[in-house]
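User: I would like to learn how to read a protein structure. Could you take me through some features one at a time?

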Amino acid sequence: MVTTVEAVSHATRFLKQPKRMLVDGAWVDACHGRTLEVYDPALGEVIDHVPAGDAEDVDLAVAAARRAFADSEWSRMTASDRGRIIWRVGDLILEHADELAEIESMDNGKPVSVARAADVPLAADLFHYMAGFATKIHGQTFPISVPYAPGAQFHAYTLKEPVGVVGQIVPWNFPLLMAAWKLGPALATGCTVVLKPAEQTPLSALRLAELMLDAGLPNGVVNVITGFGETAGAALAGHPGVDKVAFTGSTEVGKLIVKAAANDLKRVTIELGGKSPNVVFADADLETAIPGAANAIFFNHGQCCAAGSRLYIEQKVYDQVLVGVSDYADKIMVGRGLDPDTEMGPLVSAEQLERVTGFLEAGDREGVRTVTGGTQVGEHGYFVAPTVLDGAGPGNSVFDEEIFGPVVTAIPFSDTAEVAAAANETIYGLAAGIWTTDLTKAHRLIPQLHAGTVWVNTYNIFDAALPFGGYKQSGWGREMGEEVIHEYTETKSVCIGL
Ligand code: ADP
């Protein structure tokens, strides 16, 4: 493992290298030679440039992925050898953990300590977990009866086959981790990939691609096209050579992906937005529930699709929890991600800053009370103070819409039936939280919540083994766990007359 000092020089060295896209094992510029600027969100300054790939580049990458899928070293590789390469990717991520954490911090703005403790090890763990699946993907045999063929005998079974070439479009909030969530199962099942990182945060995906080649991944199996969503992303989502699109991002863009993929009925998995309810009952252990509720929203600056952004607090403890969460918010150290003391960095981009402060101004105009925060912080970079709002309800945009920033709306409730109904009053269904010492109450509420994940007395716990995804407009399909393997395979039924 490299030390922090060495990592600084490694990350800085990586930043100084000219950035190219990976197509068929070669590092290439965009066909038209255009580039896009990469910002350090803490400074609001350009720190790098990457190719601005578009439709022509996507064509080349898809062709390479098709060749690698059709007849190649990869398609002929044993499951065991495939698993070994995937495992090695996980090892290399750990070996370069400090460097990757720093790249992530500079590009996205998140505290380097958080990237080092969460994003990077989780990404490595995902590859290690998926490596084991490579050798455990199999069909079943079936004792079929066939009533209209009396006396006949059959041998019937299923094969699980890779879905093919997958276009993977990932967001900027967890750039490395989201790439890992998608690449791991694609490789375990034997698919090939064209990955498009977000235009705001393309750097860690390019470094990961280097590590994947070092791990022995054959050319063309993973191709990386950097570029804008409207051009490179749209070209990938609608490309006739792509069999499946896997997307994580906003619900708005998720709908565009579905439309683009509808033309030739590609397989689609989408993990989208949320406005997740986090419910604190009066009987909760408030010493853990208060920091828990604060972290549920403020982790990753609220730029989490699962963020607990609607905080339902039982009336009896409303003031106590509201004050507790606000005090917690006031103590969060906001600063540059590279500073080791920083607990919350800047938002990812000027656009995001404008969006979040726009919500705050709208709430203010509509009479929503700001308990703490509510403003931009500093003159440089894209910082917003951790914010707690009170008195918002349906009809207020801060209550109805996903803000994707460090902003929580507190709402009082008086009983379980009321809070269950209120919690579900949203187009989203990604996650929910419950804080209580009464497990009967928790178990009765869990099935009533329309959400893909429910956390009880904890929040934001993710693991490679645990499926993650949304109900309603939070998405289709699941990431991680055994479930994701099914999203990357087709089932072929075989029936042999004996
Ligand atoms: P956010 O709104 O949080 O920035 P987006 O949903 O816009 O997130 O972006 C997530 C990913 O989707 C990024 O990689 C982005 O480039 C890509 N993207 C944006 N618009 C499109 C589009 N029209 N088609 C395909 N991909 C897109």
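Analyst: What follows goes from the whole chain to salt bridges and then to single residues. Keep in mind that this is a predicted model.

User: How many helices and strands does the protein chain have?

Analyst: The protein chain has 17 helices and 24 strands.

User: What is the radius of gyration of the protein chain, and what would a compact globule have?

Analyst: The idea is to set the value of the chain beside the value for a compact globule with as many residues. For 498 residues that reference is near 23 Å, and the protein chain has 23 Å, so the two agree. The C-alpha trace spans about 70 × 65 × 40 Å along its principal axes.

User: How much of the protein chain is buried?

Analyst: A residue counts as buried when its relative accessible area is under 20%. In the protein chain, 56% of the 498 residues meet that test. The accessible surface comes to about 20,000 Å², and carbon and sulfur atoms make up 54% of that surface.

User: What share of the contacts joins residues 24 or more positions apart?

Analyst: Counting contacts with a separation of 6 or more, 74% are between residues 24 or more positions apart.

User: Now the charges. How many positive and negative charges are there, and how far apart are their mean positions?

Analyst: There are 36 positive and 62 negative charges in the protein chain, and their mean positions are 6 Å apart.

User: How should I read a salt bridge?

Analyst: Side chains of opposite charge can pair when their charged atoms come close. This structure holds 21 salt bridges. One of them joins Lys182 and Glu479, with the closest N and O atoms 2.5 Å apart. This pair links distant parts of the chain: Lys182 is in helix 7, Glu479 is in the loop between strand 23 and helix 17, and 297 residues separate them.

User: Are Lys182 and Glu479 buried or exposed?

Analyst: Both Lys182 and Glu479 are buried. Another pair, Arg88 and Glu95, has its closest N and O atoms 3.8 Å apart. Arg88 has a relative accessible area of 35%, so Arg88 is partly exposed. Glu95 is also partly exposed because its value is 38%.

User: What about Glu314 and Lys316: is each one buried or exposed?

Analyst: Glu314 counts as buried because its relative accessibility is 10%. Lys316, at 71%, is exposed. The two form a salt bridge whose closest N and O atoms are 3.9 Å apart. Salt bridges can also share partners, and in this way Glu99, Arg207 and Glu210 are joined into one network.

User: Where is Ser326, and which residues does it touch?

Analyst: Ser326 is found in helix 12, which covers residues 318-331. Leaving out residues up to four places away in sequence, Ser326 touches Val371, Thr372 and Val388. Its relative accessibility is 4%, so Ser326 counts as buried.

User: Last, backbone angles. What is phi of Asn460 and of Met480?

Analyst: The point to look at is the sign of phi and the residue type. Asn460 has a positive phi of about 60 degrees although it is not a glycine. Phi of Met480 is also positive, near 65 degrees, and Met480 is not a glycine either.

User: Where do Asn460 and Met480 lie?

Analyst: Asn460 lies in the loop between strand 21 and strand 22, and counts as buried at 13% relative accessibility. Met480 lies in the loop between strand 23 and helix 17. With 3% relative accessibility, Met480 is buried. Glu479, from the salt bridge with Lys182, is in that loop between strand 23 and helix 17 as well.

Terms used: Residues are numbered from 1 along each chain as its sequence is written. This is a predicted model: local features need pLDDT of at least 70, side-chain atom pairs count only at pLDDT 80 or more; totals for chains, interfaces and linings use all residues. Side-chain values use heavy atoms; hydrogens and water are left out. A salt bridge is a side-chain nitrogen of Lys or Arg within 4 Å of a carboxyl oxygen of Asp or Glu. Buried means under 20% relative accessible area, exposed over 50%, partly exposed in between (1.4 Å probe, protein chains only). Helices (H or I, at least four residues) and strands (E, at least two) are DSSP runs, numbered from the N terminus. The radius of gyration is taken over C-alpha atoms; the globule rule is 2.2 Å times the number of residues to the power 0.38. Contact means heavy atoms within 4.5 Å. Accessible areas come from the Shrake-Rupley method with a 1.4 Å probe; for residues, only the protein chains shown count as cover. Lys and Arg count as positive and Asp and Glu as negative; His and the chain ends are not counted. The place of a charge is taken as NZ of Lys, CZ of Arg, CG of Asp or CD of Glu.
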